[in-house]
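Subject: Structure for you to look at

Hello,

Here is the structure I said I would pass on. My notes on it follow below.

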2 protein chains.
Amino acid sequence: MQGISARATELDRGDPLASFRDRFTLAEGLLYLDGNSLGRLPKETIRRIRQVVEHEWASELVLGWDHWLDTGLRIGDSLAPLIGANPGEVAVCDQTSINLYKLASAAMDATGRPNIVTDAGNFPSDRYVLASVAERSGGELILAPEDGTVSDLAPLINDTTALVSLSHVSYRSGTLADGAAITQLAHDGGAMMLWDLAHSAGSVPVHLSAWDADMAVGCTYKYLNAGPGAPGFLYVRRDLHDTLTQPITGWFGHRDQFGFTASWQPAPDIRRFLVGTPPIVSMVGVEVGVAISAEAGIDEIRRKSIELTSLFIEGVAPLAEHGVEIVTPMEGARRGSHVTLRHADGVQITAALRSAGVIPDFRAPDLIRFGFAPLYTSYQEVARAVGILTELIETGSYRSFDERRGRVT
Amino acid sequence: MQGISARATELDRGDPLASFRDRFTLAEGLLYLDGNSLGRLPKETIRRIRQVVEHEWASELVLGWDHWLDTGLRIGDSLAPLIGANPGEVAVCDQTSINLYKLASAAMDATGRPNIVTDAGNFPSDRYVLASVAERSGGELILAPEDGTVSDLAPLINDTTALVSLSHVSYRSGTLADGAAITQLAHDGGAMMLWDLAHSAGSVPVHLSAWDADMAVGCTYKYLNAGPGAPGFLYVRRDLHDTLTQPITGWFGHRDQFGFTASWQPAPDIRRFLVGTPPIVSMVGVEVGVAISAEAGIDEIRRKSIELTSLFIEGVAPLAEHGVEIVTPMEGARRGSHVTLRHADGVQITAALRSAGVIPDFRAPDLIRFGFAPLYTSYQEVARAVGILTELIETGSYRSFDERRGRVT
């Protein structure tokens, strides 16, 4: 423990991202390791939300739409480099499950095939939405094993497969999928590929263009620090803008939004995947959060993410003798930015940690997730969390806790 | 003019809602008559957004979900009395076009019929979405004439009609539909009825339960003053909660949201129409806006709305000789809270008004809409607007303007 603490001090001292920590408000008394669920509040967001609410809405009123209208596309362009996309290929809009529905439906229509392949460990809302979309096309959702690799997926993809849709980083294990190989596999089978980047955007580099991915969706309130429930984003590769259409044909997707024509005609670009008026106040948080991550640079974020998770894994490894299993891959290149521990007493351990001011989250029945957000998590926080967890488990003092609460990712 | 101005002063003096004007920030130099597009900022919203962003998000972080999670249901219960619904029948969520898609799709599935009936003057995004939903069910969208009455609609409803969906107040003419009679007509034809309350929520009483309406959607950023692009709402009559399901089967609609079960099972209540994580910061504006309207009372709001629009109509009537047509019904009981004027030079007149600080909005090709928001529009503002409009039109001075801008409703 002494060794980790000293090394943490040294790592913090040499951390090129250390100054970003000051961009965020830091909650007194919380050792916050749940940025994989809800990221912290950037100080700049306070200023910008005040500006938009108290000045723009208050004084410009409806005329504010002159500059609000394209907010989702403007932020999309800022986000594009973080996920390896080009300008004009990304839009911030709606919630992740709605975006998934729109794009998965578009894929069914485009391919004319009935089935969708995902894996059993994909986020439940993704599985539910994909199942509904497949069933409405007369097909079904086919499940590969959790954290399915190319060899698990390959036998499931055939000429009935319209779409393969997976999370790039598993919300459970933190396992990072092989984006290039799986996209290639889908394409080899004549299927389209749709990535959910909820746990990767802002934490690991994504290379949508290089992978030749067709579509993607993602979340902004985790590592992009956009605020509770802030709108998600979607990506569609440019050469598909002419052919894919989605079923929720609202006016923001119309070629001539204010022309009020008799019938819907899709915009010739990424706008065709928009639906309605965006929630501007919540969008402000996305704009600021994306800008901070872009400024830090995704490669630098990734480098620190691997160091943070490595330090944590090293620190908790000795707890194996107390029944703590590290579910997340040990190899840095194979994981995202959270580390998941399994323990039969996960409920009580989580409750005990919270009581001690350490905030991870819990996924039933026995998983404790620790998220490390490189923009504001320090190495010393990792060392302290390891110390507190070790103390709780070695002494068994967590056993007096039995609180359990579900958490929003 | 003199007469109107004096009467306006008197009306303001006796206005029981006069004190509500002080609840809103008032933009210096703007005579704002576009609350039918974007309502003003309540001062309380400033305080509440600061609280939620700068204290709850900042300090509680993910633990804030303990009280944020049900925000949409809580606001729905506050909104229910304004639209004649019961607690548990209304939820604030997503955008209006998405809610329309969800509920219209549910109706198609429930009835097994292929067609939808609306009217040609319904808001374009509604027509586009309804057309897409009907086509995906192998049917089509059938259009009654604009502002269709019972006798226009009756011949179009038959055993192929799954759904009748209309706006309660027309975004163009301001005409108020006969909610009870049209709902009855739909039911007589074995169809379901879905009302769009975008221009009625917070401006005219709606009696969803009394009408026996099946479903409704609506908007919060107009007369409910919830802020730019704030989430919409949906209503489903309680006895339909067991049978209707919508296609976007996200985790917020699941019977056991945090159970993470293998397949989606709809919640037994209004939650089944929810999808994903709500944008909390934008929801705050809905919460405050709805509370203010509820406090004022919809009947008092309606009484003043009719007085405001009557005063305006009386004031602009003499402009008929200059080609100004009043499109909105003259009878107070037959209109909502905006008045639409038609003039061949509508573009230039709108631009000239804006240049003079009067903010109406314009709908191509020749409609100028003046919205009167009883919570903050004064009778003297109406009189001043009439004066400025009269001056511009009588002198023809508007002819030097040719600016035209599309506007978000």
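Several elements of chain A cover the buried residues of helix 12 in this predicted model. Among them are strand 10 (338-342), strand 11 (358-359), strand 12 (361-363), strand 13 (367-371) and helix 13 (379-395), which also belong to chain A. Which residues of helix 12 (residues 346-355) are buried? They are G346(A), V347(A), I349(A), T350(A), A352(A) and L353(A). In general, an α-helix has 3.6 residues a turn, so residues three or four places apart point the same way. After helix 12 of chain A comes G357(A), with a positive phi near 90°.

Next, the two chains. A turn of 180° with a shift of 0.0 Å along the axis lays chain B on chain A, and the RMSD is 0.0 Å. This is how a two-fold axis relates copies. Within chain B, the residue that comes closest to the rotation axis is S282(B), at 2.7 Å (C-alpha).

How many residues does each chain bring to the contact? Chain A gives 65 residues and chain B gives 65 residues. On the side of chain B that touches chain A, at least two residues each come from helix 2 (43-60), helix 3 (65-68), helix 5 (96-111), helix 6 (124-136) and helix 10 (280-296) of chain B. The residues of that side comprise 38 nonpolar, 20 polar and seven charged. Of the interface residues of chain B, 100% are also interface residues in chain A, so the copies meet through the same surface.

Regards

How values were computed
Residues numbered from 1 in each chain as written. Chains lettered and ligands numbered in written order. Predicted model: local features only at pLDDT ≥ 70, side-chain atom pairs only at ≥ 80, totals over all residues. Least-squares fit on C-alpha atoms with pLDDT ≥ 70 in both. Contact = placed C-beta atoms within 7 Å. Buried ≥ 20, exposed ≤ 12 C-beta atoms within 10 Å, placed from the backbone. Helix = DSSP H or I, 4+ residues; strand = E, 2+ residues; numbered from the N terminus. Nonpolar A, V, L, I, M, F, W, Y, C, P; charged D, E, K, R; others polar.
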